[in-house]
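Please open the structure in your viewer and keep the sequence panel beside it. The stops below say what to select next and what is to be found there.

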Amino acid sequence: MGKSILDYETVELRDEENAIRIIDQTLLPGETKLIDLKTGKEFWNAIYLLQVRGAPAIGVFAGFALYLLVKEAPLPLPDTKENYSENFNVLKAVLQEQKEYLNSSRPTAVNLSWALERMEGKFLSFESEEGRTIADVRSSLKTEAMTIKAEDIEVSTRIGEYGLTLVKKGDGLLTHCNAGQLATIKYGTATAPMYLGFQRGYDFRIYCDETRPLLQGARLTAYELASAGMDVTLECDNMSASLMKTGAVNAVFVGCDRVAANGDAANKIGTSLLALAAQHYHVPFYVCAPTSTIDRNLKSGSEIPIEQRKPEEVTEMWYAKRMAPEGIRVYNPAFDVTDHDLITGIVTEYGIARAPYTASLGEIFARREANPLCVTPRA
């Protein structure tokens with residue numbers, strides 16, 4: 001039997017080759033191609049072009065990217081304890097320049113900046129150290145990046161467990177875009193309850209919005225869940241309300257790229273329409289969000305930066321011939337913001353937050369501070 005898409009790692013550090021190996025998701029489902037990336041420009045392009053995508057996976061990728069860029073940066077002096085301070089300052093400038101460069105690739109997904117800042121914090125913790133070498137610092141950065149990856153698996157598993165408490169066997173579950181294994185390291189966020197439920201015989205009926213204009217639901221979610229053996233039905237985005245009206249949908253699970261302090265959540269364009277339909281038809285609407293995706297520095301969703309994409313994604317991509325008039329103006333935001341009053345609950349690795357979200361998200365973070373994740377990264 002040939003390999004399934006689930007047999008490949010979404011993001012893999014190839015340390016000996018100084019590379020990150022990913023699945024080029026722009027080619028799925030027609031071609032499964034693994035690509036090795038080695039330069040800052042390749043890393044930036046991979047994020048911007050959506051070769052690697054999904055907020056958690058982008059965070060893991062960014063951790064590896066910054067590690068490799070620091071690892072490969074030349075030192076002005078031999079790596080001895082006597083030269084530590086001067087070498088460190090040179091690497092500090094490299095790290096901070098590359099951090100800003102990588103962070104410019106996608107403004108909405110907060111996991112990108114979160115991972116880069118976490119790596120920078122680990123690096124700066126060695127600034128006043130004495131009796132060290134740069135090799136020690138680089139080794140610590142690698143461990144931190146591997147820990148981010150290991151934590152992602154634990155976070156997805158916990159989100160799946162909490163999500164399962166919200167549904168029952170035989171339910172119909174609807175999702176939008178791809179918040180699956182292809183967007184994380186394992187299980188996904190919105191699909192984590194589906195994966196765990198499938199393993200335990202819940203016999204869910206899964207419905208996937210195709211997710212225009214980049215078709216992540218059709219190309220990625222439907223593909224990976226079907227590869228896992230689940231009962232999956234694909235639908236056009238504008239069919240979800242009709243489907244809910246039939247009673248086939250018992251709950252909606254979506255991922256997100258950023259959550260504001262009041263519970264407003266930015267996710268792939270079309271999510272807010274899904275939430276409006278769910279409210280009308282009294283279908284619970286859940287946002288699955290690792291705490292790394294929650295940005296409490298933003299008071300509301302109006303402060304979340306929304307990336308504007310190229311018009312060709314709407315007018316030409318996927319078509320043999322252009323399907324819109326030449327010169328027509330195109331509105332193509334990558335994300336929309338679902339207002340908190342449309343969200344039934346926000347499922348995190350530390351529990352389920354409910355309205356009022358300013359209070360419940362604060363409680364979630366208090367739990368995280370009291371019981372931080374403790375995982376051991378694989379070598």
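## First stop: a loop residue and its partner

Begin by selecting D171, which counts as buried because its relative accessibility is 6%. Bear in mind throughout that this is a predicted model. Now add K168 to the selection: D171 and K168 form a salt bridge, in which the closest N and O atoms are 3.1 Å apart. In contrast to its buried partner, K168 is exposed, since its relative accessible area of 52% lies over the 50% cut-off.

Stay with K168, which sits in the loop between α5 and β4 (172–175). Which residues does K168 touch, if those up to four places away in sequence are not counted? They are Y202 and F204. If you draw a C-alpha to C-alpha distance from K168 to F204, it comes to 8.6 Å, although the two residues are 36 apart in sequence.

## Second stop: further salt bridges

Widen the view to the whole structure, where a search finds 20 salt bridges. One of these to select is the pair E120 and K99, whose side chains meet with an N to O distance of 2.7 Å. This pair links distant parts of the chain, with E120 in helix α4 (residues 110–124) and K99 in helix α3 (residues 84–103), 21 residues apart. Both E120 and K99 are buried.

Next select R322 and E326, which form a salt bridge with their closest N and O atoms 3.9 Å apart. Here R322 is partly exposed at 27% relative accessibility, whereas E326, with a relative accessible area of 70%, is exposed. From there, move to R106, E307, R309 and E313, which are joined into one network by salt bridges that share partners.

## Third stop: helices α5 and α6

Show helix α5 (residues 134–164) and helix α6 (residues 192–199) as cartoons, and look along the place where their axes come within 7 Å. At what angle do the two axes cross? The crossing is at roughly 75°, and α5 and α6 are therefore roughly perpendicular to each other.

To see the contact itself, display the side chains of S156, T157, I159, G160, E161, G163 and L164 in α5, together with those of A192, P193, L196 and G197 in α6, which they meet. Coloured by class, this contact of α5 with α6 shows five nonpolar, five polar and one charged residues.

## Fourth stop: the nonpolar cores

In soluble globular proteins, nonpolar side chains tend to be buried together. With that in mind, select M244, V252, F253, F285, V287 and I346, which touch the most other members of the largest nonpolar core, a set of 55 residues. Centre the view on V287 and show its surroundings: leaving aside residues up to four places away in sequence, V287 touches V254, G255, C256, A265, I343, G345, I346 and V347. A second core, separate from this one, has 41 residues, and L68, Y84, L112 and M119 are among them.

## Fifth stop: backbone exceptions

Most residues other than glycine have a negative phi, and most peptide bonds are trans. The remaining selections depart from these tendencies, and the backbone atoms should be shown for each.

Select R212 and P213 to find a cis peptide bond, with omega about 0°; P213 belongs to the loop between β5 (205–209) and α7 (216–227). That loop between β5 and α7 also holds L215, which is not a glycine and yet has a positive phi of about 60°. L215 counts as buried, because its relative accessibility is 15%.

Another cis peptide bond runs from A355 to P356, again with omega near 0°, and P356 is placed in the loop between β14 (351–353) and α11 (357–370).

For the last selection, go to helix α9 (residues 271–280), in which T271, S272, L274, A275, A277 and A278 are buried. Just after α9 comes H282, which takes a positive phi of about 60° and lies in the loop between α9 and β10 (285–288). Is H282 buried or exposed? H282 counts as exposed, because its relative accessibility is 72%.

Note on methods: Residues numbered from 1 in each chain as written. Predicted model: local features only at pLDDT ≥ 70, side-chain atom pairs only at ≥ 80, totals over all residues. Heavy atoms only, no water. Salt bridge = Lys/Arg side-chain N within 4 Å of Asp/Glu carboxyl O. Helix = DSSP H or I, 4+ residues; strand = E, 2+ residues; numbered from the N terminus. Buried < 20%, exposed > 50% of the residue type's maximum accessible area, 1.4 Å probe, protein only. Core = buried A, V, L, I, M, F, W, Y, C linked by side-chain atoms within 4.5 Å. Contact = heavy atoms within 4.5 Å. Axes fitted to C-alpha atoms, helices over the stretch in contact; angles between N-to-C directions. Parallel < 35°, antiparallel > 145°, perpendicular 65-115°, else oblique. Nonpolar A, V, L, I, M, F, W, Y, C, P; charged D, E, K, R; others polar.
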